[in-house]
Amino acid sequence: MEFNFEILLKIMENKKELRGWLDDLKLDHPLVIAGPCSAETEEQVLRIAHELKDTDVNYYRAGIWKPRTRPGMFEGVGALGLKWLQKVKDETGMKTATEVANAAHVKLALEHDVDLLWIGARSTVSPFIVQEIADALQGTDKIILVKNPVNPDLPLWLGAIERLATANIKKLGVIHRGFSTYEKTKYRNNPEWQLAIELQTKFPDLPIINDPSHITGKRDMIFDVSQTALDLNFDGLMIETHFDPDNAWSDASQQVTPKVLIQIMKDLKIKKESDPEADYNKQLDNLRAQIDIVDNQIIDLLGKRMKAADSIGALKKQKNVAVLQSKRWNEILGKMVLEGESKGLSEEFVLKMFKAIHQESINHQEKIING
Ligand code: PEP
Ligand code: MN
């Protein structure tokens, strides 16, 4: 069944406040949610909080209940950690954020006055769990953000928003944390930017936060993904931060130190609304970011194509068959010219491009055959 965007749009239309919580913060920079993947000890939670206190960080995050792939891994400190988050608020004035994954979590988090709750990627996939959380949150004035589901399914993501909006929750937003793939990529969770762009286009008033930590899984890739997100007009970033990332109890390789976070915030190119050219620059950067994403995909796909060519080379070598097979090649060309036409590409361009691709493919195969 096609997702009925109209219903959700109607619900959203009546919620002029949708963006209100973000606008009310009157920030001159993107919203920043930072803090450790997991609350580990009271000292750890407070130390990181104090190091983040006088920075651009708006909400201090710490996972209290951790959804882990396998049993026996560190599953979070539980309700005890909520007391530490209260201390963070008292001692630093920062607002707090944590993940909730069932009604019991919601009850405890609300009792401890956590300011922002998010639904994790592994929960968004489950309509029963999302409904349970929405029911437990009914009418709350806390900010509720929904991470994308682990699978690249926009309707499922929006379905969760619809459940929350229907539960009369007004301060809503989404977190883009990337998607699982069977195939290994350079990302921990593939960003599938097009999906986030589609969501933004359909619901421009729904705040969207990027989570480069869970997208990349590697701290040295966090800056680039953050910059892409800002170029795509994301409203904020959620970045996992720990004073001793390598020894963190979860997600060690993707956390950055407070010092690095501050540097990242300094180096990010942020568009200021006051710039008279702001609108033009914003649109230009947005389109350029989209082109960069597609260019990366093209290179990625060409790499895959050449891998397949290598395997064909190995087979041909076994069978002692010639590299060049004109009949097959002419078939490919004919099909691609037609495909290209339907996408507005000229025959001349498609022929040139495929000749170049074919030549590279032949080079690959010859290399394999000649050892
Ligand atoms: C997290 O934010 O620590 C977390 C568990 O994220 P996700 O739901 O994106 O995996
Ligand atoms: Mn994490």
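## Two loop residues with positive phi

Lysine 26 is exposed in this predicted model, with a relative accessible area of 72%. You can find lysine 26 in the loop that runs between helix H2 (20–23) and S1. Its backbone is worth a look too: phi of lysine 26 is near 50°, a positive value in a residue other than glycine. Why is that worth noting? Most residues other than glycine have a negative phi.

Asparagine 320 is another residue to look up. Its phi is near 60°, again positive in a residue that is not glycine. Asparagine 320 sits in the loop between helix H13 (278–319) and helix H14 (326–342). Is asparagine 320 buried or exposed? With a relative accessibility of 72%, asparagine 320 counts as exposed, because the cut-off for exposed is over 50%.

## A buried loop residue

Now turn to asparagine 190, in the loop between strand S6 (172–176) and helix H9 (193–202). Asparagine 190 has 18% relative accessibility, so it counts as buried, the limit being under 20%.

Which residues does asparagine 190 touch, leaving aside those up to four places away in sequence? They are Gly178, Phe179, Thr181 and Thr185. The side chain of asparagine 190 also makes a polar contact, at 3.3 Å, with the side chain of glutamate 192.

## The protein as a whole

Let's step back to the full chain. The protein has 15 helices and eight strands, and its C-alpha trace spans about 75 × 45 × 45 Å along the principal axes. Of its 371 residues, 47% count as buried. The protein exposes about 19100 Å², and carbon and sulfur atoms supply 53% of that area.

How many of the contacts between residues at least 6 apart in sequence join residues at least 24 apart? The share is 73%.

## Inside helix H3

Helix H3 (residues 42–52) shows how helices and strands can cover residues. In this helix, Gln44, Val45, Leu46, Ile48, Ala49 and Leu52 are buried. The cover over the buried residues of H3 includes two strands, S1 (31–35) and S2 (59–61). Helix H4 (80–92) and helix H12 (258–267) are also part of that cover.

## The surroundings of ligand 1

Which residues surround ligand 1? The shell is made of Cys37, Arg61, Lys66, Glu99, Trp118, Gly120, Ala121, Arg122, Lys147, Arg177, His214 and Glu240. By type, the shell residues divide into seven charged, three nonpolar and two polar.

Some of these residues place polar side-chain atoms beside oxygen atoms of the ligand. For arginine 177, the distance from a polar side-chain atom to an oxygen atom of ligand 1 is 2.6 Å. For histidine 214 the corresponding distance is 3.3 Å, and for an N or O atom in the side chain of glutamate 240 it is 3.2 Å. Taken alone, ligand 1 exposes 290 Å², and the protein buries 97% of that.

## The manganese ion

Histidine 214 and glutamate 240 appear again at ligand 2, the manganese ion. What are the protein donors of this ion? They are Cys37 (SG), His214 (NE2), Glu240 (OE) and Asp251 (OD), at 2.0 to 2.4 Å from the ion. Along the sequence, the donor residues follow the spacing C-x176-H-x25-E-x10-D.

Histidine 214 belongs to helix H10 (residues 212–216) and glutamate 240 to strand S8 (residues 236–240), so this pair ties together parts 26 residues apart in sequence. Histidine 214 and glutamate 240 are both buried.

Notes: Residues are numbered from 1 along each chain as its sequence is written. Chains are lettered from A and ligands numbered from 1 in the order in which they are written. This is a predicted model: local features need pLDDT of at least 70, side-chain atom pairs count only at pLDDT 80 or more; totals for chains, interfaces and linings use all residues. Side-chain values use heavy atoms; hydrogens and water are left out. A residue is near a molecule or strand if one of its heavy atoms lies within 4 Å of it. A polar contact is a pair of N or O atoms within 3.5 Å; within protein, one must be able to donate a hydrogen and the other to accept it, and residues adjacent in sequence count only if both atoms are side-chain atoms. Accessible areas come from the Shrake-Rupley method with a 1.4 Å probe; for residues, only the protein chains shown count as cover. Ala, Val, Leu, Ile, Met, Phe, Trp, Tyr, Cys and Pro count as nonpolar, Asp, Glu, Lys and Arg as charged, and the others, Gly among them, as polar. Donors are N, O and S atoms within 2.8 Å of the metal (3.2 Å for Na, K and Ca); water is not among the atoms, so sites may look incomplete. Helices (H or I, at least four residues) and strands (E, at least two) are DSSP runs, numbered from the N terminus. Buried means under 20% relative accessible area, exposed over 50%, partly exposed in between (1.4 Å probe, protein chains only). Contact means heavy atoms within 4.5 Å.
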